[in-house]
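Me: I'm new to this structure and would like a close look at a single part of it, with a bit of the surroundings for context. Could you pick a part and walk me through it?

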Protein chains: 2
Amino acid sequence: MPNIIVLGAGMVGSVIAADLAREGHAVTLADIRKDALDAAASRSPRPITTAPADLSDPAVISSLVKPFDLVMGALPSRLGFDALRAVITAGKPAVDISFMSEDFAQLDHLAKGHAVTVITDCGVAPGMSHILAAHAASLLDSCDAIEILVGGLPRIRSRPFEYKAAFSPADVIEEYLRPARIVEHSRIVVRPALSEPRLLDFVGVGTLEAFNTDGLRSLTTSLRVPNMKEQTLRYPGHIDLMRAFRDTGLFSSDPLPINGQPVRPIDLTSRLLFPKWTYQPGEEDLTVMRVSAEGRKNTQPARVQFDLLDFYHQPSAASSMARTTAFPATIAASLILSKKFHAPGVNPPERLAANPDTVNFILAQHARRGVSYTRSA
Amino acid sequence: MPNIIVLGAGMVGSVIAADLAREGHAVTLADIRKDALDAAASRSPRPITTAPADLSDPAVISSLVKPFDLVMGALPSRLGFDALRAVITAGKPAVDISFMSEDFAQLDHLAKGHAVTVITDCGVAPGMSHILAAHAASLLDSCDAIEILVGGLPRIRSRPFEYKAAFSPADVIEEYLRPARIVEHSRIVVRPALSEPRLLDFVGVGTLEAFNTDGLRSLTTSLRVPNMKEQTLRYPGHIDLMRAFRDTGLFSSDPLPINGQPVRPIDLTSRLLFPKWTYQPGEEDLTVMRVSAEGRKNTQPARVQFDLLDFYHQPSAASSMARTTAFPATIAASLILSKKFHAPGVNPPERLAANPDTVNFILAQHARRGVSYTRSA
């Protein structure tokens with residue numbers, strides 16, 4: 001029986017551990033937070049082993065992962081890169097969903113040297129977004145444009161924000177500040193954060209507002225499609241409010257003198273905003289994603305589209321965002337363990353789309369877990 | 001020739017001084033800010049005398065006003081009450097537009113003792129709003145409802161706020177925080193700040209949003225009308241944004257620990273907001289006001305309505321808000337000087353409406369200055 005360790009017992013890591021245990025693997029879950037480990041263990045349908053450990057120390061990771069066949073990285077983004085380097089150096093294959101800000105391609109040479117297979121960015125977006133974008137493009141004779149639309153939202157909309165953060169609120173604000181790299185006419189162009197908002201309708205959700213975000217990442221170089229963009233989805237009005245906050249200076253990191261003390265506006269704003277953006281226990285979320293490819297097929301204009309609409313999972317009390325992020329990783333784990341995917345190096349998720357059978361396997365495995373991607377056209 | 005002193009050389013005080021000088025009075029303008037005095041003197045069409053003085057000290061005011069026949073109070077609201085007490089104690093009649101938060105009725109006994117006539121709250125709103133409310137009610141046989149709608153707005157609307165503050169931005173935020181006292185079924189009821197927003201159309205301006213504000217002041221006791229309310233007008237969307245700021249806690253005065261230092265959110269928010277809410281030189285504003293009375297006349301349902309739509313005054317480079325606030329005060333000054341109004345005590349502006357001829361004089365004097373109130377029905 002394969003022996004797997006999951007690094008990080010947060011919202012996603014705990015669902016990864018539970019899913020791998022359900023699949024019959026021997027699972028160890030590591031985190032410095034004892035309470036998070038206990039909560040994850042009690043929620044897992046099958047027993048898992050817990051390992052309290054300081055995963056911010058790469059040396060701890062190096063020794064911790066030694067007995068395992070596969071490592072699942074589910075750490076906060078700021079810890080992801082160093083942790084993955086330690087795992088690769090220890091000679092272990094890995095699947096990572098930490099959404100590290102560093103370029104993981106820098107570790108490709110190291111991974112090839114150790115002959116280990118690593119899949120990074122393997123969540124829902126990035127992750128399934130990239131797999132489906134590459135797959136959709138491959139179903140056309142020529143692909144002219146890729147569009148990824150994705151959002152995690154509370155089911156119940158409460159003013160003024162109509163938003164809760166399914167992951168770190170600081171990372172959400174970062175998404176509202178970071179310029180978005182998109183591809184136009186085969187060139188990478190940079191658009192301001194929160195730019196080009198537009199309204200779109202989604203069956204089962206209604207009208208949402210999309211805005212540019214910096215989510216293409218590896219696709220900008222791995223996919224030869226002349227026009228590509230990612231946009232994030234919110235309920236209408238949220239973007240205007242966030243633009244107002246930003247334009248007022250409330251997200252600024254430049255200290256201002258307030259009563260003689262330097263104060264960074266973002267520190268105060270975060271302090272006020274984060275409690276309001278936190279999901280309460282049992283508060284339901286949803287995940288909506290649309291990945292489309294446009295081009296030509298048999299000399300005719302053609303379009304391939306994949307849609308996801310997933311809701312909070314009552315039986316396991318797991319958020320939709322945690323499940324849709326965890327399952328691509330656990331399914332990728334099974335691909336590595338079964339040697340269906342064995343390319344050495346650090347692979348962005350779209351590499352899995354090189355084989356259509358692999359994509360169909362991934363989609364079927366999602367459906368088995370109750371997460372349905374539907375293809376149209 | 002009557003000798004008049006104007007206390008305060010701010011936006012309104014400087015227009016009051018210029019208007020009184022144009023009318024042929026000998027005018028002295030006092031302020032602690034030398035630059036404000038110089039600017040006001042250079043903008044006045046006729047010479048005025050300037051008097052540098054610290055008007056936050058009531059003793060300074062007592063001696064300063066001695067040689068004058070009439071005192072015009074145009075100080076910031078926090079200085080208004082103490083200044084007016086000093087003026088009354090010095091035995092001088094006065095017109096005040098400081099919008100003091102204290103109850104000026106407390107000074108009524110003092111004023112009667114010194115046999116001086118004082119008119120307070122004598123700007124546009126409060127001021128003309130109260131005069132026209134009382135006048136409109138008197139034109140009906142019975143009045144059931146008074147409604148005052150008023151706003152000062154930039155002519156050019158820029159996102160996200162579509163607003164500039166024609167007076168102290170701190171007083172504007174105060175207006176967004178202070179519960180509003182309105183009269184319903186002859187009882188004073190208190191509504192939350194920013195409550196009951198509704199959309200209304202105004203000829204020449206378009207659709208505006210009205211919300212409850214605490215502007216009835218003396219009308220709640222002086223006018224026996226069972227239903228009365230004041231609402232402030234903004235371009236649509238501004239209220240939602242201000243509610244979001246308030247509900248986020250950005251207007252709170254309760255200190256939060258930020259990096260070990262207590263910080264009052266309102267201090268940071270003001271610091272960020274006020275520069276964005278400041279009119280730039282030459283930036284045009286407008287004032288819109290509607291005062292209506294509903295009731296019965298000759299046994300039939302009847303309605304009397306007064307409307308004001310006034311714009312930035314190019315020739316004098318004076319804001320509409322400054323002019324519409326200054327002229328009720330200067331016209332009241334002429335009523336006191338000509339003894340057309342001579343009631344001793346501290347009079348709220350609606351007392352001027354006891355005589356319909358006085359109201360007609362006030363409206364005619366406004367029209368002479370290019371500010372037109374129009375009556376319908």
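Reply: A quick word on classes before we start: Ala, Val, Leu, Ile, Met, Phe, Trp, Tyr, Cys and Pro count as nonpolar, Asp, Glu, Lys and Arg count as charged, and the others, Gly among them, count as polar. Keep in mind, too, that what you're looking at is a predicted model.

Let's use those classes on the second largest cavity. By class, its lining has eight nonpolar, two polar and one charged residues. The space inside comes to about 50 Å³. Who sits around it? On the list are Leu7(B), Val71(B), Met72(B), Gly73(B), Gly80(B), Ala83(B), Leu84(B), Val87(B), Ala94(B), Val95(B) and Asp96(B). With the class rule in hand, you can sort these names yourself: Gly goes with the polar ones and Asp with the charged ones.

Now find those residues along the chain. In chain B, β4 (70-73), α4 (77-89) and β5 (94-96) each put at least two residues into this lining. The top contributor is α4(B), which gives four residues.

Next, hop over to chain A and the largest cavity, which has a volume of about 60 Å³. Its lining is made of Leu7(A), Val71(A), Met72(A), Gly73(A), Leu75(A), Gly80(A), Ala83(A), Leu84(A), Val87(A), Ala94(A), Val95(A) and Asp96(A). Sorted by class, that gives nine nonpolar, two polar and one charged residues. At least two residues of this lining come from each of β4 (70-73), α4 (77-89) and β5 (94-96) of chain A. The largest share belongs to α4(A), with four residues. If you're wondering about the overall tally, a search of the whole structure turns up three cavities of 30 Å³ or more.

Since α4(A) gives the largest share of that lining, it's worth pausing on the helix itself. It has 13 residues and spans 19 Å from its first C-alpha to its last, close to the 18 Å expected at 1.5 Å a residue. Its buried residues are Ser77(A), Leu79(A), Gly80(A), Phe81(A), Ala83(A), Leu84(A), Ala86(A), Val87(A) and Ile88(A). You've already met some of these names, including Gly80(A) and Val87(A), in the cavity lining. Just past the end of α4(A) comes Gly91(A), with a positive phi of about 80 degrees.

Back in chain B, there's another helix to look at. This is α1, residues 11-22, with 12 residues and a reach of 17 Å from first C-alpha to last, close to the 16 Å expected at 1.5 Å a residue. How many of its 12 residues are buried? The count is 10, so to speak of α1(B) as mostly covered is fair. Those buried are Val12(B), Gly13(B), Ser14(B), Val15(B), Ile16(B), Ala17(B), Ala18(B), Asp19(B), Leu20(B) and Ala21(B). And what does the covering? It includes β1 (3-7), β2 (26-31), α2 (34-43), β4 and α11 (320-337) of chain B. You'll recognise β4 from the wall of the second largest cavity. After α1(B) comes Gly24(B), again with a positive phi, near 100 degrees.

Still in chain B, try Lys229(B), which belongs to strand β12, residues 227-234. Lys229(B) has 23% relative accessibility and counts as partly exposed, because that class runs from 20% to 50%. Setting aside residues up to four places away in sequence, Lys229(B) touches Ile146(B), Glu147(B), Ile148(B), Ile182(B), Arg198(B), Asn212(B) and Leu216(B). From Lys229(B) to Ala180(B), 49 residues apart in sequence, the C-alpha distance is 8.8 Å.

To finish, let's zoom out to chain A as a whole. It holds 12 helices and 18 strands. Its radius of gyration is 20 Å, close to the 21 Å that the globule rule gives for 377 residues, so chain A is as compact as a globular protein of that length. The C-alpha atoms fill a box of roughly 65 × 55 × 40 Å along the principal axes. Of the 377 residues in chain A, 56% are buried. And among contacts in chain A with a separation of 6 or more, 66% join residues 24 or more positions apart.

Terms used. Residues are numbered from 1 along each chain as its sequence is written. Chains are lettered from A and ligands numbered from 1 in the order in which they are written. This is a predicted model: local features need pLDDT of at least 70, side-chain atom pairs count only at pLDDT 80 or more; totals for chains, interfaces and linings use all residues. Side-chain values use heavy atoms; hydrogens and water are left out. On a 1 Å grid over the protein atoms alone, a cavity is a set of points where a 1.4 Å probe fits but cannot get out, and a pocket is an open set with protein on both sides within 12 Å along at least five of seven lines; lining residues have an atom within 4 Å of a point. Grid points are joined across faces, edges and corners, and a volume is the space filled by probe spheres set on the points. The expected span of a helix is 1.5 Å times one less than its number of residues. Buried means under 20% relative accessible area, exposed over 50%, partly exposed in between (1.4 Å probe, protein chains only). Contact means heavy atoms within 4.5 Å. The radius of gyration is taken over C-alpha atoms; the globule rule is 2.2 Å times the number of residues to the power 0.38.
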